[in-house]
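Welcome! Please take a moment with the sequence and the structure below, and then let us walk through them together.

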Amino acid sequence: MKNHSGAYSTCCNHQRQPRGLAPAGLGGDARTAAQGRGRWGAFPPGSRRRPGLGRDPAGGARAGPRAGAELASAGPGSGARETWPPPATLRARRSTSGRTCRYYGCGLVIPECLENCWILDLGSGSGRDCYALSQLVGEKGHVTGIDMTEGQVEVAKKYLDYHMEKYGFQTSNVTFIHGYIEKLAEAGIQNESYDIVISNCVINLVPDKEQVLQEVYRVLKHGGELYFSDVYASLELPEEIKTHKVLWGECLGGALYWKDLFFLAQKIGFCPPRLVTANLITIQNKELERIIGDCRFVSATFRLFKLPNTGPTERCQTVYNGGITGHEKQLIFDANFTFKEGEIVEVDEDTAAVLKNSRFAQDFLFRPIGDKLPASGGCFVLESKDIITDPFKLAEDSNKKPKCASSVVGGCCGKKRSC
């Protein structure tokens, strides 16, 4: 299926392949999935599909019939093993199907501190993440999913009553709409109407990524954030890669040069992107290796905040009070900052601005550097050289050797062999 730009519409669709290459996308029968752009692992109760590729929450790929069945993995930016996502998120994901969920995509796109939030899911597919989020935001919150494929939207809508009753809500707090993520206004989404926007391996499929980010900025409230996973390139892609059908179908042909994300964020008005996780993507196909050349790819999760114009913010000391559900002992904010309950952490100007002007403000105590804080833990002093913004560096530092190599291509939804 092709989208309105003429390119294949999803990295997870059943793709046409050159003879001799394994099918791109999921390992299962693509006929069990409705066509369109979105996350194909997100099938509500009662739907049928074969198990295929699974991804661990840090972005790494696993294969086999039970791939993705367990969501215990390394947390963001951490080489240590940790329960991720937190128990609250696991409970919400289990409740969408009555079992531990399979996961498909570039990374986990469920952030922290979600109670009563309004969330927009770009490329919501058949709605599984939306339903998981609907429990986490609670009955006073709301989740909207938008997808370009009408069939996917109709599938998602079938389970509104099921989840409303399962969560014990009086009314449903989920809405699904048909539309394009670069044309949110045409879909009726108002200015400054959402606290959080999420996306999982979808923005790379839109040619005009600046327009997508501009629309996200418009619909976010001040203090809101875009929390999203996607595929990035180590350099600007030549046309041969951009127009290659297999590479496009594997979410590689539309990958943004990672430094361009920082340029676009600054141009639009976001704070500098905050890197959360990153995993290298590997390819084991001679023909595709020849086409790609020196270019490398990584799947990464970033968070972009839209903050009010309050003037410059100074570096400061912070203490996390442990008030976020599911993150009481520590909050892994991104690859650079982990806040343990009661521990003093010195943060840079950008991080201070984000924490003070977002939904996280009530969960932190702030004091100027040098002041004595009532904290029980030690003190972590920030050094500028410690800040990691390059997803390739993070991926290489945390995983010197890729754990898996694909049979064709390791895109966000590419079919993988067992390690």
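A good place to begin is the inside. Strand 9 gives four residues to the lining of the largest cavity, the largest share of that lining. Helix 5 (209-219) joins strand 9 (220-233) as an element that contributes two or more residues there. Keep in mind as you look that this is a predicted model.

How big is this largest cavity? Its volume is about 80 Å³. In total, the structure holds three cavities of 30 Å³ or more. If you would like to find the walls of the largest one, look for Ile-203, Asn-204, Lys-209, Leu-213, Phe-228, Asp-230, Val-231, Tyr-232, Leu-256 and Leu-261, which line it. By character, this lining divides into seven nonpolar residues, one polar residue and two charged residues.

Now step back for the whole protein. It has eleven helices and 18 strands. Of its 419 residues, 61% are buried. Take the contacts in the protein with a separation of 6 or more: 75% of them are between residues 24 or more positions apart.

Helix 5 deserves a second visit. This helix is mostly covered, with eight of its eleven residues buried. Which residues are these? The buried residues of helix 5 are Lys-209, Val-212, Leu-213, Glu-215, Val-216, Tyr-217, Arg-218 and Val-219. Their cover includes strand 5 (118-122), strand 8 (194-200), strand 9, strand 10 (256-257) and helix 8 (258-268).

From here we can turn to the nonpolar cores. As a general background, nonpolar side chains tend to be buried together in soluble globular proteins. In this model, the largest nonpolar core has 40 residues, and Leu-120, Leu-122, Tyr-232 and Phe-270 touch the most other members. Tyr-232 also helps to line the largest cavity. Leaving out residues up to four places away in sequence, Leu-120 touches Thr-144, Ile-146, Leu-184, Ile-189, Tyr-194, Ile-196, Val-197, Ile-198 and Val-219. Apart from this core lies another one, of 25 residues, and Ile-119, Tyr-131, Leu-136 and Tyr-159 are among them.

Let us finish with three single residues, starting with Thr-301. You will find Thr-301 in strand 12 (residues 297-305). Is Thr-301 buried or exposed? Thr-301 counts as buried because its relative accessibility is 1%, and the cut-off for buried is under 20%. The side chain of Thr-301 has a polar contact of 2.5 Å with the side chain of Ser-229.

Next comes Gln-135, which sits in helix 2 (residues 128-137). With a relative accessible area of 32%, Gln-135 is partly exposed. Although Gln-135 and Lys-166 are 31 residues apart along the chain, their C-alpha atoms are separated by 9.5 Å.

Our last stop is a loop. Asn-321 belongs to the loop between strand 13 (316-320) and strand 14 (330-332). Its relative accessibility is 41%, so Asn-321 counts as partly exposed. What does Asn-321 contact, leaving aside its neighbours within four places in sequence? The partners are Glu-341, Gln-362, Asp-363 and Phe-364. A polar atom of the Asn-321 side chain also lies 2.8 Å from the backbone nitrogen of Gly-323. Finally, the C-alpha atoms of Asn-321 and Lys-340 are 8.5 Å from each other, while the two residues are 19 residues apart along the chain.

Note on methods
Residues are numbered from 1 along each chain as its sequence is written. This is a predicted model: local features need pLDDT of at least 70, side-chain atom pairs count only at pLDDT 80 or more; totals for chains, interfaces and linings use all residues. Side-chain values use heavy atoms; hydrogens and water are left out. On a 1 Å grid over the protein atoms alone, a cavity is a set of points where a 1.4 Å probe fits but cannot get out, and a pocket is an open set with protein on both sides within 12 Å along at least five of seven lines; lining residues have an atom within 4 Å of a point. Grid points are joined across faces, edges and corners, and a volume is the space filled by probe spheres set on the points. Ala, Val, Leu, Ile, Met, Phe, Trp, Tyr, Cys and Pro count as nonpolar, Asp, Glu, Lys and Arg as charged, and the others, Gly among them, as polar. A nonpolar core is a set of buried Ala, Val, Leu, Ile, Met, Phe, Trp, Tyr and Cys residues joined through side-chain atoms within 4.5 Å. Buried means under 20% relative accessible area, exposed over 50%, partly exposed in between (1.4 Å probe, protein chains only). Contact means heavy atoms within 4.5 Å. A polar contact is a pair of N or O atoms within 3.5 Å; within protein, one must be able to donate a hydrogen and the other to accept it, and residues adjacent in sequence count only if both atoms are side-chain atoms.
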